[in-house]
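I opened this notebook to record, entry by entry, what I looked up in the structure. The entries are brief and follow the order of my reading.

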Amino acid sequence: MLSTLFEGLCFAAATALLAALGGLLVALTIGGWPAISKFGFGFLTSTTWNPVTDIYGAAGPIVGTLVTAAVALLLALPVAGGVAFFLTELCPAPLRRPIGTAVELLAGIPSIVYGMWGLFVFAPFFAKHVEVPLMTAAPSGSIWESLTIGIPNGSGILAASIILAIMILPFMAATLRDLLLSVPAAVRESAYGLGATTSEVVMSVTLPYVRTGAIGAVMLGLGRALGETMAVTFIIGNSHDFPTSMFASGSTIASTIANEFTEATSDVHLSALIALGLVLFVITFAVLALARLLLSRQEHRA
Amino acid sequence: MTDRSNLMIRRRIKNIVFTGFCWAVTALALIALATILWTLVGRGIGGINPDIFILATPAAGSHGGLANAIVGSIMMCAMGMVIALVIGILAGTWLAEYGKGTAYGSVVRFLNDVLLSAPSILVGLFVYEMLVAPFHGFSALAGAVALGLLATPVITRTTEDVLSLQPALLRESGVALGAPLSLVIREVLWRAARGGIITGGLLAFARISGETAPLLFTDLNNQFFEFNPTHQIANLPVVIYNFANGADEGLRQLAWVGALLIAVTVLGVTIVARFLTREQGRS
């Protein structure tokens with residue numbers, strides 16, 4: 001009797017988790033429905049986001065989200081890979097543990113700390129040493145010029161991408177390192193035994209061995225970058241215009257919600273923000289689900 | 001012969017470039033991350049004084065501390081952790097002991113992993129729709145539920161992992177003595193897995209203690225001391241967010257102090273958790 005009760009309790013808790021995820025989807029759909037039904041498909045494609053006239057199109061924040069996350073991934077991936085290879089193949093043994101621990105600890109620092117650093121330290125530096133020189137060096141009329149148009153105040157699409165890259169870097173490096181460590185020693189050692197250089201061992205043996213899992217790890221990093229809120233809100237500039245330049249202010253889905261939610265006055269505005277959340281949910285769910293599938297496939301192989 | 005030595009040289013050069021790149025990016029990453037910590041300590045430590053832990057958050061231009069926000073954060077994290085520990089441990093137990101190999105178990109495990117990395121802002125919106133909008137008001141309780149929802153998947157995952165590591169012999173010998181499986185789980189397996197579950201709890205706590213986004217939609221903030229969980233209660237992350245975005249220098253200084261406090265808490269808790277894991281591994 002007690003036994004059945006206990007099993008039932010455990011089952012209920014597991015089901016509660018499932019219900020939470022389902023409830024999340026339902027709540028976002030219901031909350032966002034007024035906006036979705038009013039603007040229809042145009043909600044996704046229109047670039048007008050105007051709380052004054054109560055017209056909402058989410059193309060700006062959606063593209064902002066995708067662009068910043070993609071650029072962040074592009075920047076973070078080679079560095080995370082380099083750190084993981086360094087920790088598994090090159091690092092002197094006494095340093096391996098401290099550096100590995102440092103990387104893991106940094107993965108846990110809250111995003112608001114990265115955001116403050118971005119706003120007060122990185123942005124002024126970035127404006128002075130990157131934006132201004134690049135803008136003055138760009139020949140007028142070139143593509144380069146149109147890519148660097150903006151106010152050189154250190155905030156914008158590219159600055160937000162760099163902060164995101166720094167944020168997801170420790171996480172991706174730690175996951176990749178764990179994957180590489182799961183390669184059986186015999187596999188690595190036989191490659192070295194055949195006379196392979198370090199780069200050949202990593203690129204032709206250990207990395208291909210964990211390929212599926214590595215892609216999963218990268219997608220997990222992407223999932224983080226897509227949904228990251230606070231760090232981006234501090235530094236992206238928060239404008240709803242469609243982003244056309246690296247230095248222009250922009251917005252992401254998460255930053256838009258965080259910025260406007262408590263100030264939303266009309267029901268349509270609130271509903272549009274929740275509909276944005278639904279879009280973010282769909283995007284991240286797809287990315288995360290794929291990531292988990294790939295990672296679990298790797299686990300079964302190893 | 002020359003062909004072969006050419007190839008040799010090319011492989012060597014490629015290898016030097018590759019290892020050089022790895023060294024360089026690791027140095028770059030460590031420098032970037034060290035700068036962040038350095039700034040945090042440099043700007044935060046000067047503002048630490050006893051008033052921080054005694055006085056409530058001030059209005060712009062006046063003197064104050066962070067005490068109400070610190071108390072509020074502790075209250076909300078504690079309430080969130082209670083929710084997360086109860087649901088997480090039970091759900092993890094079900095996955096490891098009852099749901100193993102079942103289709104429903106795989107679905108729950110998969111979706112729990114997705115929930116584990118789902119954007120926290122969405123969890124905030126969900127709780128807003130469930131607990132804030134229907135009752136027409138932000139509350140610390142809603143904030144705690146949001147934090148609990150974020151911590152639960154972490155605890156579920158670690159509980160399942162450590163329980164799965166316990167030898168089958170432990171279960172079998174308990175059941176062979178005539179104890180029902182539920183009793184064996186509670187008295188034997190949970191006890192054996194205690195260290196791992198505590199580690200999971202600490203990691204979950206580290207995760208939610210700095211969460212800002214979900215609190216913006218559930219609890220928001222309060223300038224004064226407040227202990228009633230059905231009201232809005234001040235909390236460190238939202239105070240940091242508001243003060244850092246404001247123009248007042250004194251408030252910005254408080255934001256740095258708050259950020260330092262949160263970072264120290266998170267790092268400290270994570271280090272304790274790692275230390276426990278190592279002890280566990282040794283014994």
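**Entry 1. The domains of chain B**

I began with the domain assignment, which splits chain B of this predicted model into domain 1 (2–45) and domain 2 (51–282). I then looked up how these two parts meet. Domain 1 of chain B gives 5 residues to the contact, and domain 2 of chain B gives 5 residues as well. On the side of domain 1 of chain B that touches domain 2 of chain B, I found 3 nonpolar residues, 1 polar residue and 1 charged residue. The C-alpha centres of domain 1 and domain 2 of chain B are 36 Å apart.

**Entry 2. Chain B as a whole**

I next looked up the secondary structure of chain B, and I noted 11 helices and 0 strands. Read from the N terminus, the elements of chain B run α-α-α-α-α-α-α-α-α-α-α.

For the overall dimensions, I noted that the C-alpha atoms of chain B fill a box of roughly 75 × 75 × 35 Å along the principal axes. What radius of gyration does chain B have, set against a compact globule of 283 residues? Chain B has 24 Å, whereas such a globule would have a value near 19 Å.

I also recorded that 49% of the 283 residues of chain B count as buried. Of the contacts in chain B with a separation of 6 or more, 74% are between residues 24 or more positions apart.

**Entry 3. Two places in chain B**

I looked at helix H8 (residues 194–209) of chain B, which has 16 residues. From its first C-alpha to its last, H8 of chain B reaches 22 Å, close to the 22 Å expected at 1.5 Å a residue. Helix H8 of chain B is mostly covered, with 13 of its 16 residues buried.

I then turned to B:Leu170, which is placed in helix H6 (residues 168–176) of chain B. Why does B:Leu170 count as partly exposed? I found 14 C-beta neighbours inside 10 Å of B:Leu170, and a residue would need 20 or more to be buried and 12 or fewer to be exposed. Neighbours within four places in sequence aside, B:Leu170 is in contact with B:Val188, B:Leu189 and B:Ala192. As a distance within the chain, I noted that B:Leu170 and B:Ile48 are 51 Å apart, C-alpha to C-alpha, and 122 residues apart in sequence.

**Entry 4. Chain A as a whole**

I moved to chain A and noted 13 helices and 2 strands. The C-alpha atoms of chain A fill a box of roughly 75 × 70 × 30 Å, again along the principal axes. Chain A has 302 residues, and 51% of them are buried. In chain A, residues 24 or more positions apart make up 76% of the contacts with a separation of 6 or more.

**Entry 5. Two places in chain A**

I looked up helix H10 (residues 211–227) of chain A, which has 17 residues and spans 25 Å from first C-alpha to last. This is close to the 24 Å expected at 1.5 Å a residue. Helix H10 of chain A is largely enclosed by the rest of the structure, because 15 of its 17 residues are buried.

I set A:Ser204 beside this helix in my notes; A:Ser204 lies in helix H9 (residues 198–209) of chain A. Is A:Ser204 buried or partly exposed? It is partly exposed, with 13 other C-beta atoms within 10 Å. A:Ser204 and A:Ala191 are 9.2 Å apart, C-alpha to C-alpha, and 13 residues apart in sequence.

**Entry 6. Where the chains meet**

I then looked up the contact between the chains, which takes 63 residues from chain A and 65 residues from chain B. On the side of chain B, helix H1 (residues 2–45) supplies the largest share, 17 residues. By class, that side of chain B has 47 nonpolar, 14 polar and 4 charged residues.

**Entry 7. The nonpolar core**

My last search was for the largest nonpolar core, which has 186 residues. Those with the most contacts inside this core are A:Ile163, A:Leu164 and B:Ala259. Helix H7 (residues 157–181) of chain A contributes the largest share of the core, 19 residues. The core also draws at least three residues from each of domain 1 and domain 2 of chain B.

I followed up A:Leu164 and, leaving aside its neighbours within four places in sequence, listed its contacts, among them A:Thr68, A:Ala72, A:Ala225 and A:Val232.

Conventions
Residues are numbered from 1 along each chain as its sequence is written. Chains are lettered from A and ligands numbered from 1 in the order in which they are written. This is a predicted model: local features need pLDDT of at least 70, side-chain atom pairs count only at pLDDT 80 or more; totals for chains, interfaces and linings use all residues. Helices (H or I, at least four residues) and strands (E, at least two) are DSSP runs, numbered from the N terminus. Two residues are in contact if their C-beta atoms, placed from the backbone, lie within 7 Å. Ala, Val, Leu, Ile, Met, Phe, Trp, Tyr, Cys and Pro count as nonpolar, Asp, Glu, Lys and Arg as charged, and the others, Gly among them, as polar. Domain bounds come from an automatic or database domain assignment. The expected span of a helix is 1.5 Å times one less than its number of residues. The radius of gyration is taken over C-alpha atoms; the globule rule is 2.2 Å times the number of residues to the power 0.38. A nonpolar core is a set of buried Ala, Val, Leu, Ile, Met, Phe, Trp, Tyr and Cys residues joined through C-beta atoms within 7 Å.
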